[in-house]
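I opened the notebook to record what I looked up in this structure, one item at a time. The entries below follow the order of the look-ups.

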Amino acid sequence: MKLSAKAVLIPTLVLFLVSAIVTAVLAGTNALTADTIAQVNAQAEQASRQVVLPDAQSFEEREQDGNIYYIGKNGEETVGYVFTTESNGYGGAMSIMTGISADGQITGINILSHNETPGLGANATNESFRDQYKKPVPQSGFSVIKSGSPDDTQILAMTGATITTDAVTNAVNLAVQQYETVKEEN
């Protein structure tokens, strides 16, 4: 069988044109929705800040050493701080938001993003797991135990998801380190 230039060029040209049109439509859709997506993400972040630091009525964005954090205010009074940190879990990077009151109590954590295994590491989003962190900030950070009853500086690992537990704990410990630095300046 002999191939002619026409038999090769026509399908190639059609495929190129279809790809170019689809690419242009996707780029246009992205351009039209980019502002809306950014606005929705900003609202979701605001809602997450309110979840992890419920006593705050407003938040002031600050930066220190390239890290953005928020000071939670109730009127003029500082009620706490909100930090977003990352750590690597079993499924890759996890983004964790941590709220810490002005007197050094973790008021909540929220898992912003993860790719953990459903039914195992994804259980880190469960309130029963996240509530373990609602304790006074330990000076040397939290540690993970696999069994037993945790004390004020320990977190009980999720069964079958120790790597995820370690990742969340590492992210919270990073927030604690940032808190220790920030509270001395404010």
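I first fixed the term needed for the next entry: a residue is buried when its relative accessible area is under 20%. The model I am reading is a predicted one.

**Glutamine 178**

I asked whether glutamine 178 is buried or exposed. Its relative accessibility is 16%, and the cut-off for buried is under 20%, so glutamine 178 counts as buried. I located glutamine 178 in helix α3, which covers residues 162-185. I then looked up which residues it touches, setting aside neighbours within four places in sequence: glutamine 178 is in contact with Gln64, Asn67, Phe83 and Thr85.

**Aspartate 65**

I went next to the loop between β1 (58-64) and β2 (67-74), where aspartate 65 sits. I read its phi as near 55°, which is a positive value in a residue other than glycine. Is aspartate 65 buried or exposed? Its relative accessible area is 72%, and exposed means over 50%, so I entered aspartate 65 as exposed.

**The β4-β5 hairpin**

I checked how strand β4 (residues 92-101) and strand β5 (residues 106-113) are paired: they run antiparallel and are joined by six bridges. For one pair I noted the partners, isoleucine 96 and, in β5, isoleucine 111. The two strands form a hairpin with four residues between them. In that turn I found glycine 104 with a positive phi of about 90°.

**The whole chain**

I listed the secondary structure of the protein as three helices and seven strands. Along the sequence I wrote the pattern down as α-β-β-β-β-β-α-β-β-α. The radius of gyration is 23 Å, well over the 16 Å that the globule rule gives for 186 residues, so I recorded the protein as more spread out than a compact globule. Along the principal axes, I found that the C-alpha atoms fill a box of roughly 80 × 45 × 25 Å.

I looked up burial for the chain: 35% of the 186 residues count as buried. Of the contacts with a separation of 6 or more, 47% are between residues 24 or more positions apart.

**Surface and charge**

I noted an exposed area of about 11100 Å² for the protein, with 54% of it supplied by carbon and sulfur atoms. How many charged side chains of each sign are there? I have 10 positive and 20 negative, and the centres of the two sets lie 13 Å apart.

Notes:
Residues numbered from 1 in each chain as written. Predicted model: local features only at pLDDT ≥ 70, side-chain atom pairs only at ≥ 80, totals over all residues. Heavy atoms only, no water. Rg over C-alpha atoms; globule rule 2.2 N^0.38 Å. Buried < 20%, exposed > 50% of the residue type's maximum accessible area, 1.4 Å probe, protein only. Contact = heavy atoms within 4.5 Å. Areas by Shrake-Rupley, 256 points an atom, 1.4 Å probe, with all protein chains shown as cover. Lys, Arg positive; Asp, Glu negative; His and termini not counted. Charge placed at Lys NZ, Arg CZ, Asp CG, Glu CD. Pairing = 2+ DSSP bridges.
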